[in-house]
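User: I would like a close look at how the helices pack in this model, together with the surroundings of a few individual residues. Please take me through it as one connected account.

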Amino acid sequence: MTVRELDAAGIHDPALRAAYAHCRGLNARHGKTYFLATRLLPVDRRPAVHALYGFARWADDIVDDLDSSATPAERGRALLALEAQLEAGLRREGATEPVIRALADTARRYGIDRVHFTDFLASMRSDLTVGGYASYEELGRYMHGSAAVIGLQMLPVLGTVTPREEAAPHAAALGVAFQLTNFLRDVGEDLDRGRLYLPAELLTAHGVDRERFEWSRRTGARDARITEVLRAAAAHNRAVYRDALPGIAMLAPVSRPCIRTAFVLYSGILDSIEADGYAVLHRRSVVPRRRRAVVALDGLVRAVAARAVSRRGEEAPVAEPSCASPSPRPHVAPVREEAL
């Protein structure tokens with residue numbers, strides 16, 4: 001499948017093909033939900049998404065790898081080195097790192113503004129020194145660089161049927177919605193890294209503080225007030241998904257099934273968190289495998305239909321998702337890789 005993707009994208013240089021294949025491997029290994037949704041894009045657009053994911057993953061691993069003994073100062077220097085390599089790659093100075101080589105090529109092919117990459121790295125650097133946020137407004141400034149710009153990077157690759165600036169706020173909102181879901185799902189793991197992405201104002205409103213969260217994580221004990229904080233955070237997250245939703249119809253028809261699938265799967269994590277009783281401090285909530293298969297199959301059907309319509313030069317009909325995941329269907333057949 002990698003060969004088919006690269007051929008369709010017009011990527012023929014052997015070193016560049018190897019670089020994109022490396023990024024694809026990172027996406028497949030680490031971005032389970034993201035990779036599944038990417039498979040629903042037309043084959044010629046997938047390598048660019050793999051490159052964007054590979055870069056984000058590389059920076060994130062520098063900051064968050066719990067298996068590394070690197071100090072914050074050493075991680076900071078690694079981020080600066082990564083940024084220097086990125087700048088050199090964007091200037092066509094012969095980047096040697098596979099991820100940078102693929103990313104720079106993607107940025108040139110799709111005209112992605114380099115400020116989106118520098119804003120992203122600025123937020124990654126803040127993770128080395130900032131362990132919490134006072135308000136949603138303050139958190140939002142961080143998430144502009146860590147999440148909103150991911151949606152903005154993706155937009156030229158996905159294509160739009162409206163002016164790009166009209167779709168941009170919704171693309172940015174979807175990036176933020178996905179990250180808020182990650183924050184909620186991973187709140188326990190983030191505490192282990194010394195961070196809490198739930199704003200202090202939210203905790204205070206429910207009569208708890210960070211120390212109470214750490215106590216719950218450490219002891220395994222529950223606190224009804226913590227549950228209410230998490231419930232409120234999920235409600236806020238769902239509101240951001242609603243802000244992002246209109247943007248799906250603004251995308252190129254062949255890209256909508258991919259983003260719709262990611263939308264449903266990620267918002268479905270909130271359903272799983274709720275079903276688990278908001279026990280995210282003690283275990284990781286995941287979308288059940290059968291439910292993922294249902295959503296993937298639905299996305300595949302939509303993707304095939306959209307590509308057929310595109311080949312005929314027609315406009316694809318749009319059936320937008322709600323903020324809730326669909327009900328499971330019985331007897332779901334497995335989706336074969338060759339079909340994607």
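Analyst: A residue counts as buried when its relative accessible area is under 20%, as exposed when that area is over 50%, and as partly exposed in between. The model is a predicted one, and every value below is computed from it.

Tyrosine 34, which lies in helix α3 (residues 32–38), has a relative accessible area of 18%, and because that is under 20% it is buried. Setting aside residues up to four places away in sequence, tyrosine 34 touches Asn27, Val49, Tyr53 and Met154. Isoleucine 100 is 66 residues away from tyrosine 34 in sequence, and the C-alpha atoms of the two are 20 Å apart in space.

Isoleucine 100 leads to the packing of helix α4 (residues 46–64) against helix α6 (residues 98–110), since Ile100 is one of the α6 residues in that contact. The axes of α4 and α6 come within 9 Å and cross at roughly 130 degrees. That angle makes α4 oblique to α6, because it falls short of the range over 145 degrees that counts as roughly antiparallel and lies beyond the 65 to 115 degrees that count as roughly perpendicular. The crossing of α4 and α6 is left-handed. On the α4 side the contact is made by Ala48, Ala51, Leu52, Gly54, Phe55 and Trp58, and on the α6 side by Val99, Ile100, Ala102, Leu103, Thr106 and Tyr110. Sorted by class, the contact of α4 with α6 has 10 nonpolar and 2 polar residues, with no charged residues.

Helix α4 also packs against helix α5 (72–90). The axes of α4 and α5 come within 9 Å and cross at roughly 160 degrees, and the two helices are therefore roughly antiparallel to each other. The crossing of α4 and α5 is right-handed. From α4, the residues making the contact are Phe55, Trp58, Ala59, Asp61, Ile62, Val63 and Asp64, and from α5 they are Arg75, Ala78, Leu79, Leu82, Gln85 and Leu86. The residues of the contact of α4 with α5 divide into 9 nonpolar, 1 polar and 3 charged. Phe55 and Trp58 of α4 appear in the contact with α5 and also in the contact with α6.

Glutamate 97 is placed in the loop between α5 and α6. At 31% relative accessibility, glutamate 97 counts as partly exposed, because that value lies between the 20% and 50% limits. Leaving out residues up to four places away in sequence, glutamate 97 touches Trp58 and Gln85, and these two residues also take part in the contact of α4 with α5. Leucine 82, another α5 residue of that contact, is 15 residues from glutamate 97 along the chain, and their C-alpha atoms are separated by 9.6 Å.

Further along the chain, serine 146 lies in helix α8 (residues 136–158) and is buried, with a relative accessible area of 6%. The side chain of serine 146 makes a polar contact with the side chain of glutamine 179 at 2.6 Å. Apart from neighbours within four places in sequence, serine 146 is in contact with Phe120, Ser123, Met124 and Gln179.

Helix α14 (residues 256–275) and helix α15 (residues 289–312) form another packed pair, with axes that come within 9 Å and cross at roughly 165 degrees. These helices are therefore roughly antiparallel to each other, and their crossing is right-handed. In α14 the contact involves Pro257, Arg260, Thr261, Val264, Leu265, Gly268, Asp271 and Ser272, which meet Arg291, Arg292, Val295, Asp298, Gly299, Arg302, Ala303 and Ala306 in α15. By class, the residues of the contact of α14 with α15 divide into 6 nonpolar, 4 polar and 6 charged.

Two more residues belong to this part of the model. Arginine 256 is found in helix α14, and at 7% relative accessibility it counts as buried, while its side chain reaches the backbone oxygen of leucine 251 at 2.9 Å. Tyrosine 278 is found in the loop between α14 and α15, where, at 8% relative accessibility, tyrosine 278 counts as buried. Although tyrosine 278 is not a glycine, it has a positive phi of about 55 degrees.

Technical notes
Residues numbered from 1 in each chain as written. Predicted model: local features only at pLDDT ≥ 70, side-chain atom pairs only at ≥ 80, totals over all residues. Heavy atoms only, no water. Axes fitted to C-alpha atoms, helices over the stretch in contact; angles between N-to-C directions. Helix = DSSP H or I, 4+ residues; strand = E, 2+ residues; numbered from the N terminus. Parallel < 35°, antiparallel > 145°, perpendicular 65-115°, else oblique. Left-handed = near helix turned anticlockwise from the far one by under 90°. Contact = heavy atoms within 4.5 Å. Nonpolar A, V, L, I, M, F, W, Y, C, P; charged D, E, K, R; others polar. Buried < 20%, exposed > 50% of the residue type's maximum accessible area, 1.4 Å probe, protein only. Polar contact = N/O pair within 3.5 Å; in protein donor to acceptor, adjacent residues only side chain to side chain.
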